[in-house]
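Got the structure open in your viewer? Grab the selection tool and let's walk through it stop by stop.

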Amino acid sequence: MTIKLGCIADDFTGATDLANNLVRAGMRVVQAIGVPSAPTADVDAIVVALKSRTIPAAQAVDQSLAALRWLQAQGAQQIYFKYCSTFDSTPEGNIGPVTEALMDALKIDFTIATPAFPDNQRTVFKGYLFAGDVLLSESGMRDHPLTPMTDANLVRVLQAQTTARRKVGLIDYRVVARGADAIRERIAQLRAEGVGIAIVDALSNDDLLRLGPALAGMPLVTAGSGVAIGLPANFGLAPSSTAGALPPAPGFQAVVSGSCSLATNRQVRHFIDEAGRPALALDPLRIAEEGSDALAQQALAWAAPRLEDGPVLVYSTAQSDAVKSVQGRLGVDEAGALVERCIAAIARGLVGQLGVRQLVVAGGETSGACVQALGIAQMQIGAQIDPGVPWCHAPAQAAGGVGLRLALKSGNFGTDDFFSKAFAVQSGGA
Ligand code: ADP
């Protein structure tokens, strides 16, 4: 088997975001959690999801190179290093060091870098990244706890992260507006000037679609998930409903939710009040008293007789004042870890003991815990339910290796009726 596009993503939800864009543009995509130990199914692209955004740069480089070697062994014709559309990084990295290490390993002297994702309000103009209507440095990213972004000029930001021998340049919006030939000419000019990495302006999806053909045959592309919309066409692929077709996964339906975002709070209310579905609230203080396994068993006993009648919800989702009060009693990390452990045990029981085969998980960290507890190593990416959240199909150890449908929704994604919509939009004979 040879894949067309081999992708390395620096975090889990970012990997899904990229995979989702590739599927929408016509590729069949598998997302692997970490570097796989075995070859995967016959697909057009594989996205290896790392957790390398904020770890020490040397470790991020090692993990990314391991992913590169594995993707090369699968025959990847082009490598895509995916980072956040807000260019999350510190002066030490990790975007610069990983990009340079991949360039050295691939023995190439040029690549591009652009986090532009106009669908998500991320645009790059004259090298400056905008988040919505404001410069990145004036957005909430200014105060990010791990990767504060205080300079919106990406040429400067990336140059600070790369070795002096590699110059960072710019392909500006006027060149991009003139199309692929003009972009190729500009690339040739930059290379002649000794530029190794070029930030690319993009103000709209049209810009990204003009950029796409200019990247054909470039061994390494580095970008947010936006650039992905222009790449499948280089491999002769066009948007189609078959790219996102998933194998059927007949069985019961359930939602587990550990996200406390505003959107998830609304979704939980909607599922209970509007859709009228049964729901069980988990109390973190009881989990602390009785243990996550005991609470998980109680939740499973509650769910068992109800699953035949349709989807059920088990949630710890709460409003911020309740969350703060619990955190005050248990500590922020301890509260988070306890709840994650309990919900993960419930997910494992729903799938392993009760026959749930279509599972929605709300919460980024919660999703990570559930995927691990279910023993999932790879997911095939299906059609999107809402922007950024596709259904996936994943063989799960917890189901004896049988495949299940999984939708992993991070915090603020999804409309209020997301949970019921997720089950309603399924196609492909689940
Ligand atoms: P999101 O994607 O919305 O950020 P996450 O799952 O990433 O959701 O993070 C939510 C965190 O809050 C998890 O660590 C989870 O265990 C924790 N949590 C969930 N419910 C509660 C609660 N009621 N009280 C305190 N912490 C909670």
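Start by selecting three helices: α11 (320-330), α12 (332-352) and α13 (364-374). Each of them supplies at least two residues of the shell around the ligand. Keep in mind as you click around that this is a predicted model.

Now show everything around the ligand. How many residues surround the ligand? You should count 18. The closest are S259, E340, E365, T366 and G411, so label those five if you like landmarks. Try colouring the shell by residue class: six residues come up nonpolar, 10 polar and two charged.

Next, zoom in on the polar contacts, taking three in turn.

- Select E340 and look at its side chain: an N or O atom there is 2.5 Å from an oxygen atom of the ligand.
- Move to G336, where a polar backbone atom sits 2.8 Å from a ligand oxygen.
- Then pick S316, whose side chain places a polar atom 2.8 Å from a nitrogen atom of the ligand.

With those contacts on screen, switch on a surface. On its own the ligand has 580 Å² of accessible area, and the protein covers 82% of that. If you run a pocket search, the space taken by the ligand is the second largest pocket.

Leave the ligand and go to the strands. Select β6 (122-125), β7 (residues 128-131) and β8 (134-135). What order do the three strands take in their sheet? They run β6-β7-β8, in an open sheet with antiparallel pairing. Since β6 and β8 stand at the edges with a single partner strand each, one side of each is left without a neighbour in the sheet. Strands like these are held side by side through backbone hydrogen bonds, either parallel or antiparallel.

For a closer look at one pairing, keep β7 and β8 and hide the rest. These two pair in the antiparallel sense over two bridges. Click F130 and you can find its bridge partner in β8, which is L135.

Two backbone stops remain. Where is N94? Look in the loop between β4 (78-82) and α3 (95-106). The peptide bond joining G93 and N94 is cis, with omega at about 15 degrees.

Follow the chain along α3 and into the loop between α3 and β5 (111-114), where you will find K107. Check its backbone angles: phi of K107 is near 55 degrees, a positive value in a residue other than glycine.

How values were computed: Residues are numbered from 1 along each chain as its sequence is written. This is a predicted model: local features need pLDDT of at least 70, side-chain atom pairs count only at pLDDT 80 or more; totals for chains, interfaces and linings use all residues. Side-chain values use heavy atoms; hydrogens and water are left out. A residue is near a molecule or strand if one of its heavy atoms lies within 4 Å of it. A polar contact is a pair of N or O atoms within 3.5 Å; within protein, one must be able to donate a hydrogen and the other to accept it, and residues adjacent in sequence count only if both atoms are side-chain atoms. Accessible areas come from the Shrake-Rupley method with a 1.4 Å probe; for residues, only the protein chains shown count as cover. On a 1 Å grid over the protein atoms alone, a cavity is a set of points where a 1.4 Å probe fits but cannot get out, and a pocket is an open set with protein on both sides within 12 Å along at least five of seven lines; lining residues have an atom within 4 Å of a point. A molecule sits in a cavity or pocket if more than half of its atoms lie within 2 Å of its grid points. Helices (H or I, at least four residues) and strands (E, at least two) are DSSP runs, numbered from the N terminus. Ala, Val, Leu, Ile, Met, Phe, Trp, Tyr, Cys and Pro count as nonpolar, Asp, Glu, Lys and Arg as charged, and the others, Gly among them, as polar. Two strands pair if DSSP finds at least two bridges between them.
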